[in-house]
Amino acid sequence: MSPQSIIRRHRVAALLGAALIISPFVVSFAQSASGIGASNTVATTQTPVAGITAPNGSFAPIVAADKPAVVTVTTVMKAQPETMSEDQPFDGGSPFDDYFRQFFGDQGVPMPKTPPQQSQRAEALGSGFIIGADGTIVTNNHVIDGATSIKVILDDGTELPAKLVGRDAKNDLAVLKVKAAKPLPTVKWGDSDKLMPGDQILAFGNPFGIGTTVTAGIVSARGRDLNSGPFDDFIQIDAPINHGNSGGPLVDVGGNVVGINTAIFSPNGGSVGVGFAIPSDQAQKVVAKLMKGGDIEYGYLGVQIQPVTQDVASAMGLDHPGGALVAAVTEGSPAAKAGIATGDVITGFAGEAIKDPKDLSRAVADVSPGAKETLDVWRNGKTVQISADVGRNAEDTKTAANGEGGKPSAGEGLRVPSLGLGLTDITPDVREELNLADNQRGALVERVNPDKAASAAGLEPGDVIVAVDRTPVKSARQANQAIAEAGKSGRKSVLLLVDRGDAQIFVAVPFAAG
């Protein structure tokens with residue numbers, strides 16, 4: 001059995017996006033969308049209307065106030081007909097390519113082939129919103145990504161050329177600027193932190209290019225993670241949103257923007273009432289930086305991290321699960337220079353509590369490169385503080401990767417019945433067969449009992465145990481002895497550091513009761 005990553009991403013969302021027009025076909029891509037709230041305050045008296053409440057019996061006042069500030073964004077880009085096939089529907093190099101392939105490939109949506117003789121010119125259409133009377137507009141980065149020219153169509157039909165002010169691929173946001181003959185209508189930000197499941201919302205945009213449209217619904221959930229990036233903290237909504245809604249605002253019953261329409265779950269290509277939006281509090285900070293022009297620089301620490309489960313917490317002597325467990329430290333990184341070590345649990349950063357790896361990723365990314373910050377670290381049964389100089393994260397890098405390799409060779413091994421493991425030493429034949437480094441040491445997992453704790457914890461044949469309870473082991477015998485000692489100590493689980501392909505992860509395995 002080949003080593004594989006324990007952590008598997010389950011892609012269930014298709015990103016909302018612009019309709020891509022490649023004459024004579026119109027193909028609607030599922031990409032994400034953004035939006036902002038209204039500049040006018042609307043009365044919030046709640047009156048039942050057809051099973052749903054609305055201010056003064058109707059949402060019309062909100063629509064009248066906000067709709068003039070919602071725009072359509074069209075772009076011209078160089079088409080690549082050779083990529084627009086049924087086998088490979090999209091190859092734009094965006095961070096959302098996997099979603100497009102999953103959406104079109106897995107869902108069976110046919111993609112028209114563009115004849116080679118057709119024009120190399122393609123047009124894409126999305127949505128946006130005006131946040132400044134001077135013509136400052138917010139949309140999604142993917143709406144304008146790769147564009148050779150950008151045009152904005154105002155609600156009254158006026159068409160204006162637009163200039164790209166700044167963009168941020170990680171948050172999928174972009175800021176545009178147009179010059180108009182008069183001040184433009186605007187919308188303003190709301191407070192997404194106050195938004196709760198059950199609150200009413202309206203979604204604006206231009207679905208399928210048919211014209212500005214508004215739909216109503218409620219907040220279905222908060223804090224959704226779609227595994228599209230380090231800043232996933234989506235608002236889930238049931239208001240119908242479709243392809244082309246990208247850039248459209250999600251507003252509350254006060255007419256203020258509380259989210260940016262971003263993605264949908266769709267088994268058939270259309271809205272099924274499961275949509276996602278970027279919270280306005282997150283987007284507003286990014287937009288403020290983008291308005292200054294250019295790209296955003298993110299902080300970088302240089303650690304591979306994973307969640308602290310109850311079993312991990314028990315193995316490390318923590319009172320409760322929480323924080324980010326450091327599975328590996330990049331050589332020469334700010335974390336390495338600061339003295340952060342494998343096995344540390346980061347529980348605080350820059351004065352803020354870290355509840356999980358996402359918290360740490362966002363906190364570090366939000367810090368300007370070059371800043372010195374203090375980390376709270378759980379190490380050897382106590383909390384210590386470490387000061388680190390935050391570096392610059394110029395490009396996205398994988399912090400974990402799936403390993404590929406052959407099944408380990410059978411040989412004389414040691415059984416660890418308490419966990420359901422069969423361990424063996426790393427012989428020259430095994431090293432060659434699994435393409436292990438010459439300096440790789442540890443205990444090779446040869447067998448895993450599917451009915452025992454090790455299997456339930458995710459251990460697999462081909463894993464290499466390199467440490468037990470943070471103590472390095474060089475052989476199967478050492479690993480077996482260390483596991484036995486951990487069991488005698490009275491702890492409920494043992495913490496194993498495992499090499500799996502190019503990744504290094506901690507796995508907490510509970511001891512059998514009794």
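**View A. Glycine 490 and the end of helix H10.** In this predicted model, glycine 490 lies just after helix H10 and takes a positive phi of about 95°. The helix that precedes glycine 490 runs over residues 476–488 and holds 13 residues, for which a rise of 1.5 Å a residue gives a span of 18 Å, and the 19 Å between its end C-alpha atoms agrees with that value.

**View B. The buried and exposed faces of helix H10.** The residues Ala476, Ala479, Ala482, Ile483 and Ala486 are buried in H10. Because they cover an arc of only 130° around the axis, these buried residues sit on the same side of H10. On the face turned away from that buried side, the helix carries Arg477, Glu485 and Lys488, which are exposed.

**View C. Two positive phi values in the loop between strands S31 and S32.** Aspartate 469 is found in the loop that joins strand S31 (464–468) to strand S32 (471–472), and its phi is positive, about 50°, although the residue is not a glycine. Arginine 470 belongs to the loop between S31 and S32 as well, and here too a residue other than glycine has a positive phi, near 70°. Aspartate 469 is partly exposed, with a relative accessible area of 25%, and arginine 470 also counts as partly exposed, at 28% relative accessibility.

**View D. Helix H7, from its start to its buried residues.** Where H7 starts, a side-chain oxygen of aspartate 356 comes to within 3.1 Å of the backbone nitrogen of lysine 358. Within the helix, which covers residues 357–366, the buried residues are Pro357, Leu360, Arg362, Ala363, Val364 and Ala365. The cover over these buried residues includes four strands, namely S20 (298–300), S21 (303–307), S22 (324–329) and S23 (345–349).

**View E. Leucine 176 and the nonpolar cores.** The largest nonpolar core contains 44 residues, and those that touch the most other members are Val73, Val152, Leu173 and Leu176. When neighbours within four places in sequence are left aside, leucine 176 is in contact with a set of residues that includes Val73, Gly135, Thr136, Ile137 and Thr139. Also among the contacts of leucine 176 are Ile144, Ile150, Val152, Ala162, Lys163, Leu164 and Val165. A second core, separate and made up of 24 residues, has Ala443, Val448, Ala454 and Val468 among its members.

Methods: Residues numbered from 1 in each chain as written. Predicted model: local features only at pLDDT ≥ 70, side-chain atom pairs only at ≥ 80, totals over all residues. Heavy atoms only, no water. Core = buried A, V, L, I, M, F, W, Y, C linked by side-chain atoms within 4.5 Å. Buried < 20%, exposed > 50% of the residue type's maximum accessible area, 1.4 Å probe, protein only. Contact = heavy atoms within 4.5 Å. Polar contact = N/O pair within 3.5 Å; in protein donor to acceptor, adjacent residues only side chain to side chain. Expected span 1.5 Å × (residues − 1). Arc of directions from axis to C-beta.
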